[in-house]
Amino acid sequence: MSTIEVLLLALIQGLTEFLPISSSAHLILPSQLLGWADQGMGFDVAVHVGSLVAVCSYFRKEIRDILVAWYATLTPNKEDDAALTAEEKLNGRLAWWILFATIPAGLFGFFGADFIDANLRSALVIAITTIVFGLLLGVVDIKAKQNVSLEDFTFKKAMIIGFAQALAIIPGTSRSGITMTAGLMLGLSRENAARFSFLMSIPTIAMAGGYMTLKLITGSEVVDWTAMSMGAVLAFVSAYACIHYFLILVNKIGMMPFVIYRLVLGAVLLWYVL
């Protein structure tokens, strides 16, 4: 990979991992449209690690509070439970919701990854899913009531988002896009839907990165450590900035700019492949 390819692909990963526009689609497109060689498993691991470190760094306080509250649920004590604040109890529930809601994506990824890689990693599939799930996000964003707080959220609703996240194994769907769509459909505000999506991304990205790391270790691919280092750092910086500004702007601009982008991108891809 050239330096330009490393920088562009890392930037794409960092910016699109947390926007509702599909990072996997954008990482596939350069090879489909520009004839670039596949970036390789090692580079995929590096940019996923960069994205993971970014989301963990940004939500470090929330993650710490959630983990502490989760630990309290593992050692139940009536006196301690009575002393917990409403926020601490919510954080404990959030921990369990995120853990259980990640299971469908893990199962879909484990059993379906090879089939997806062999049959669905194409510009035509990306074009169709980009348009279909973009339209769904637009409709939901317009009709969303945004009247359910995280305090009123339930395990059942969290699992619905978890099953929606599992669909993101299909290129072009967008993990963040489909989980935000589900969150809005269930009544969350745009900001809360985004925050829950970002927190859910942590175990999901960790699983994907761990799986790719295992394949890398057991495979015969030659690792370009310079490209991996550059990719990880740039993915971290761009992902961190993306999360920060998206959370600031999402309630002001809504999801329509991303819907329009997806429709334009899908139309261009359809024109290209057809």
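Arg-190 is buried in this predicted model, with a relative accessible area of 16%. That value falls under the 20% cut-off, so the residue is classed as buried rather than partly exposed. Its side chain does not go without a partner: Arg-190 and Asp-141 meet in a salt bridge, with 2.8 Å from N to O. Arg-190 belongs to helix α10 and Asp-141 to helix α7, so this pair ties together parts that lie 49 residues apart in sequence. Asp-141 is buried too, with a relative accessible area of 5%.

**Salt bridges**

How many salt bridges does the structure hold? There are 5. Another of them joins the side chains of Arg-195 and Glu-62, at 3.2 Å from N to O. Here the link is between distant parts of the chain, since Arg-195 sits in helix α10 (residues 190-218) and Glu-62 in helix α4 (residues 60-74), 133 residues apart. Arg-195 is partly exposed, with a relative accessible area of 25%, and Glu-62 is also partly exposed, at 29%.

A third pair to look at is Asp-65 with Arg-64, whose side chains meet in a salt bridge of 3.6 Å, N to O. Arg-64 counts as partly exposed, at 48% relative accessibility. These two residues are also part of a network of salt bridges that links Lys-61, Arg-64 and Asp-65.

Here are the three pairs side by side, for quick reference while you turn the model:

| Salt bridge | Distance, N to O |
|---|---|
| Arg-190 and Asp-141 | 2.8 Å |
| Arg-195 and Glu-62 | 3.2 Å |
| Asp-65 and Arg-64 | 3.6 Å |

**Cysteines**

Now for the sulfur atoms. A disulfide is a covalent bond between the sulfur atoms of two cysteines. The structure holds 0 disulfides. Why does Cys-56 not form one? The closest cysteine sulfur, in Cys-242, is 16 Å from the sulfur of Cys-56, too far for a bond. For comparison, a disulfide needs the pair of sulfur atoms to be within 2.5 Å. The surroundings of the two cysteines can be described as well: Cys-56 is partly exposed, with a relative accessible area of 28%, whereas Cys-242 counts as buried, at 7% relative accessibility.

**A charged patch on the surface**

If you look at the surface, you will find a patch of negative charge where Glu-87, Glu-88, Glu-151 and Asp-152 gather. One of these residues, Glu-151, lies in the loop between α7 (123-143) and α8 (155-166).

**Backbone angles in the loops**

That loop between α7 and α8 is also the place of Gln-146. Gln-146 has a phi near 50°, a positive value in a residue other than glycine. The residue is partly exposed, with a relative accessible area of 28%.

Which other residue has a positive phi although it is not a glycine? Ser-174 does, with a value of about 85°. Ser-174 is found in the loop between α8 and α9 (175-185). Is Ser-174 buried or exposed? Ser-174 is buried, with a relative accessible area of 3%.

**Back to helix α10**

Helix α10 is also the place of Ala-206. This alanine counts as partly exposed, at 37% relative accessibility. Ala-206 and Leu-52 are 154 residues apart in sequence, and 7.0 Å apart in space from C-alpha to C-alpha.

Conventions
Residues numbered from 1 in each chain as written. Predicted model: local features only at pLDDT ≥ 70, side-chain atom pairs only at ≥ 80, totals over all residues. Heavy atoms only, no water. Buried < 20%, exposed > 50% of the residue type's maximum accessible area, 1.4 Å probe, protein only. Patch = residues over 30% accessible without salt bridge, like charges linked within 9 Å, V, L, I, M, F, W, Y side chains within 5 Å. Areas by Shrake-Rupley, 256 points an atom, 1.4 Å probe, with all protein chains shown as cover. Salt bridge = Lys/Arg side-chain N within 4 Å of Asp/Glu carboxyl O. Lys, Arg positive; Asp, Glu negative; His and termini not counted. Charge placed at Lys NZ, Arg CZ, Asp CG, Glu CD. Helix = DSSP H or I, 4+ residues; strand = E, 2+ residues; numbered from the N terminus.
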